[in-house]
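Here are some exercises to try with the viewer open. Have a go at each task before you read its solution.

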Amino acid sequence: LFIHLAALAALAGETEHGNKEALVLAQLNREFSYWQRWFGTQEPLPSEDWADVLAWVVLVGGVSVSDLRKAVTGMGIDMPRFAEVTAGFYPGPSKGLVAPLQPDLLAEALIAQQL
């Protein structure tokens with residue numbers, strides 16, 4: 001996994017990752033950057049909202065799109081498409097389900113970052 005993360009960092013032009021933790025955090029940053037590019041400037045996505053939602057999905061072990069939509073609304077996030085987009089990025093084992101962030105190492109780092 002760390003060889004893969006180092007290769008991704010190198011492809012992104014990032015060369016200053018001296019340890020495993022830095023590689024994991026850099027991957028989380030790239031993941032968020034991907035989301036930001038997808039949503040674009042029309043619908044800015046605060047990093048805390050993104051991280052809170054994904055951490056919640058990890059903690060519950062995956063969720064249905066309808067339950068995620070309710071959770072997003074309950075978290076005060078005004079982004080109607082957020083649940084559907086999340087399902088597209090992290091598809092669950094069947095249609096209408098959202099899987100937690102994988103691999104577990106990234107999911108654990110995300111949760112630790114949000115605590």
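## Exercise 1: Helix H3

The buried residues of H3 are Trp50, Ala51, Val53, Leu54, Ala55, Val57 and Val58. Keep in mind that this is a predicted model.

**Task.** Work out how many residues H3 has and how far the helix reaches from its first C-alpha to its last.

**Solution.**
- Step 1. H3 covers residues 47–60, which gives 14 residues.
- Step 2. From first C-alpha to last, H3 reaches 20 Å, and that is close to the 20 Å expected at 1.5 Å a residue.
- Step 3. Now look just past the end: glycine 61 follows H3 with a positive phi of about 75°.

## Exercise 2: The core

**Task.** Find which element gives the largest share of the largest nonpolar core.

**Solution.**
- Step 1. Begin with the general rule: nonpolar side chains in soluble globular proteins tend to be buried together.
- Step 2. Here the largest nonpolar core has 32 residues, and Trp50, Leu68, Tyr90, Val98, Leu101 and Leu110 are those with the most contacts inside it.
- Step 3. Two or more residues of this core come from each of H1, H2, H3, helix H4 (65–74), H5 and helix H6 (104–114).
- Step 4. H3 provides the largest share of this core, with 7 residues.

## Exercise 3: Aromatic pairs

**Task.** Search the whole structure for aromatic pairs, and say how many there are. Then classify each one by the angle between its planes; over 60 degrees counts as edge-to-face, under 30 as stacked, and the rest as tilted.

**Solution.**
- Step 1. The search turns up 2 aromatic pairs.
- Step 2. Phenylalanine 32 and tryptophan 50 have ring centres 5.3 Å apart and planes at 55°, so this pair is tilted.
- Step 3. That pair links distant parts of the chain, with phenylalanine 32 in helix H2 (residues 20–39) and tryptophan 50 in helix H3, 18 residues apart.
- Step 4. Phenylalanine 32 is buried at 12% relative accessibility, and tryptophan 50 is buried at 4%.
- Step 5. For phenylalanine 89 and tyrosine 90, the ring centres are 6.4 Å apart and the planes are at 85°, so this pair is edge-to-face.
- Step 6. Phenylalanine 89 is partly exposed, at 21% relative accessible area, while tyrosine 90 is buried at 8%.

## Exercise 4: The two sides of H4

**Task.** Why can we say that the buried residues of H4 line one face of the helix?

**Solution.**
- Step 1. List the buried residues of H4: Val65, Leu68, Ala71 and Val72.
- Step 2. Looking down the axis of H4, these buried residues fall within an arc of 115°, so they line one face.
- Step 3. A bit of helix geometry helps: with 3.6 residues a turn in an α-helix, residues three or four places apart point the same way.
- Step 4. Flip to the face of H4 turned away from its buried side, and you meet the exposed residues Lys70, Thr73 and Gly74.
- Step 5. The packing partners of the buried residues of H4 are H3, strand E1 (63–64), H5 and strand E2 (97–98).
- Step 6. Zoom in on leucine 68: beyond its neighbours within four places in sequence, it contacts Val53, Trp56, Val57, Val63, Ala83, Thr86 and Val98.

## Exercise 5: A polar residue inside

**Task.** Is threonine 86 buried or exposed?

**Solution.**
- Step 1. Threonine 86 sits in helix H5 (residues 82–89).
- Step 2. Its relative accessibility is 0%, so threonine 86 counts as buried.
- Step 3. Apart from residues up to four places away in sequence, threonine 86 touches Trp35, Leu54, Leu68 and Val98.

## Exercise 6: Salt bridges

**Task.** How many salt bridges are there? Go through the pairs in turn.

**Solution.**
- Step 1. The count is 3 salt bridges.
- Step 2. Glutamate 14 and arginine 30 meet at 2.5 Å, N to O. Glutamate 14 lies in the loop between H1 and H2, and arginine 30 in helix H2, 16 residues apart. Glutamate 14 is partly exposed at 26%, whereas arginine 30 is buried at 17%.
- Step 3. Aspartate 67 and lysine 70 meet at 4.0 Å, N to O. Both are in helix H4, and being 3 residues apart they are separated by about one helical turn.
- Step 4. Glutamate 84 and arginine 69 meet at 2.3 Å, N to O. This pair links helix H5 to helix H4, across 15 residues.

Methods: Residues numbered from 1 in each chain as written. Predicted model: local features only at pLDDT ≥ 70, side-chain atom pairs only at ≥ 80, totals over all residues. Heavy atoms only, no water. Helix = DSSP H or I, 4+ residues; strand = E, 2+ residues; numbered from the N terminus. Expected span 1.5 Å × (residues − 1). Buried < 20%, exposed > 50% of the residue type's maximum accessible area, 1.4 Å probe, protein only. Phe/Tyr/Trp six-rings, centres within 6.5 Å; stacked < 30°, edge-to-face > 60°. Contact = heavy atoms within 4.5 Å. Core = buried A, V, L, I, M, F, W, Y, C linked by side-chain atoms within 4.5 Å. Arc of directions from axis to C-beta. Salt bridge = Lys/Arg side-chain N within 4 Å of Asp/Glu carboxyl O.
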